[in-house]
Amino acid sequence: METVILTVFDILNLVLILLLWIYILRIFKKLPEKIPTHFDLEGKPDHFGGKRFAFFLPVLSVIFYVVFFFITKYPETGNFPFEITEVNQKMQFFIMIFLLKWLLFLILLMFLNIQDYTVRYSLNSDSKARVYILLFIPFIFISVMAAIISAYIYQ
């Protein structure tokens with residue numbers, strides 16, 4: 001069951017990365033030469049750059065995927081809040097790997113939302129983000145806290 005859950009997250013994360021790339025490759029020619037590269041807390045752009053910046057999040061998503069992939073392949077190198085023993089090793093490694101794959105999923109969803117908003121704002125300055133960007137932060141925080149609590153429960 002554990003491997004099924006982790007495999008599903010791997011597939012979902014790869015699908016999100018592919019969506020990021022497909023989306024930007026399909027729309028790139030329609031983008032103006034100058035696009036927003038940063039938004040303030042109200043969702044208004046406060047920095048602009050060349051349209052090639054549109055590839056930043058897709059490239060960053062691939063880098064994150066590769067880094068997270070290698071971290072989850074060698075969980076014994078991770079930093080745990082207590083000693084890992086033969087008794088708790090399997091559960092602790094599962095909690096860590098699950099957390100990382102879940103966090104990557106949230107980050108990729110956030111990237112997709114930011115990418116979508118950047119493109120839509122570039123083409124129409126009246127556009128709004130489909131999902132409020134800061135909404136992702138509590139989900140990330142709660143996820144990390146849940147993983148820490150789970151790790152202590154199963155120590």
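In the predicted model described here, Asp116, Arg120 and Arg130 are linked in a network of salt bridges. One link of this network joins Arg120 to Asp116, with the closest N and O atoms 2.9 Å apart; both of these residues belong to helix 3, where they are separated by 4 residues, or about one turn of the helix. The other link that can be described joins Arg130 to Asp116, and here the closest N and O atoms are 2.7 Å apart. This second pair connects distant parts of the chain, since Arg130 is found in the loop between helix 3 and helix 4 whereas Asp116 is in helix 3, 14 residues away.

The members of the network can also be described by how much of each is accessible. Asp116 has a relative accessible area of 13% and therefore counts as buried, the cut-off being under 20%. Arg120, with a relative accessible area of 19%, is likewise under that cut-off and is buried. Arg130, by contrast, has a relative accessible area of 62%, and because exposed means over 50%, Arg130 is classed as exposed.

In total, 4 salt bridges are counted in the model. Another of them is formed by the side chains of Asp10 and Lys101, which meet at a distance of 2.6 Å from N to O. Because Asp10 lies in helix 1 (residues 2-27) and Lys101 lies in helix 3, this pair ties together parts of the chain that are 91 residues apart in sequence. The two partners fall into separate classes of accessibility: Asp10 is partly exposed, with a relative accessible area of 22%, while Lys101 is buried, with a relative accessible area of 10%.

Helix 3, which contributes to each of the pairs described above, covers residues 89-123. Its 35 residues should span 51 Å at 1.5 Å a residue, and its end C-alpha atoms are indeed 51 Å apart, so the expected and computed values agree. Of these 35 residues, 26 are buried, and helix 3 is therefore largely enclosed by the rest of the structure. Ser122 offers an example from this helix: with a relative accessibility of 16%, Ser122 counts as buried. When its neighbours within four places in sequence are left aside, Ser122 is in contact with Leu31, Pro32, Ile35 and Pro36.

Helix 1 can be described in a similar way. It has 26 residues and reaches 38 Å from its first C-alpha to its last, close to the 38 Å expected at 1.5 Å a residue. The buried residues of helix 1 are Leu6, Phe9, Asn13, Leu16, Ile17, Leu20, Ile24 and Ile27, and these buried residues pack against helix 2 and helix 3.

Turning to the surface, a nonpolar patch of about 900 Å² is made by Met91, Phe141, Ile142, Met145, Ile148, Ile149, Tyr152, Ile153 and Tyr154. Helix 4 (residues 136-153) supplies the largest share of this patch, namely 7 residues. Ile153, one of the residues of the patch, lies in helix 4 and has a relative accessibility of 59%; as this is over 50%, Ile153 counts as exposed.

At the level of the whole protein chain, there are 4 helices and 2 strands, and from the N terminus on these elements follow the order α-β-β-α-α-α. The C-alpha atoms fill a box of roughly 55 × 30 × 25 Å, taken along the principal axes. Of the 155 residues, 39% count as buried, and the accessible surface of the chain comes to about 9,900 Å², of which 70% belongs to carbon and sulfur atoms. Among contacts between residues at least 6 apart in sequence, 67% join residues that are at least 24 apart.

The confidence of the prediction was also considered. The protein chain averages a pLDDT of 91, and 99% of its residues score at least 70. Among the elements of the chain, helix 2 (residues 56-73) has the highest mean pLDDT, at 95, whereas helix 4, which supplies the largest share of the nonpolar patch, has the lowest, at 91.

Methods: Residues are numbered from 1 along each chain as its sequence is written. This is a predicted model: local features need pLDDT of at least 70, side-chain atom pairs count only at pLDDT 80 or more; totals for chains, interfaces and linings use all residues. Side-chain values use heavy atoms; hydrogens and water are left out. Patches are made of residues with over 30% relative accessible area and no salt bridge: like charges are joined within 9 Å, nonpolar side chains (Val, Leu, Ile, Met, Phe, Trp, Tyr) within 5 Å. Accessible areas come from the Shrake-Rupley method with a 1.4 Å probe; for residues, only the protein chains shown count as cover. Buried means under 20% relative accessible area, exposed over 50%, partly exposed in between (1.4 Å probe, protein chains only). pLDDT is the predictor's confidence in each residue, from 0 to 100. Contact means heavy atoms within 4.5 Å. The expected span of a helix is 1.5 Å times one less than its number of residues.
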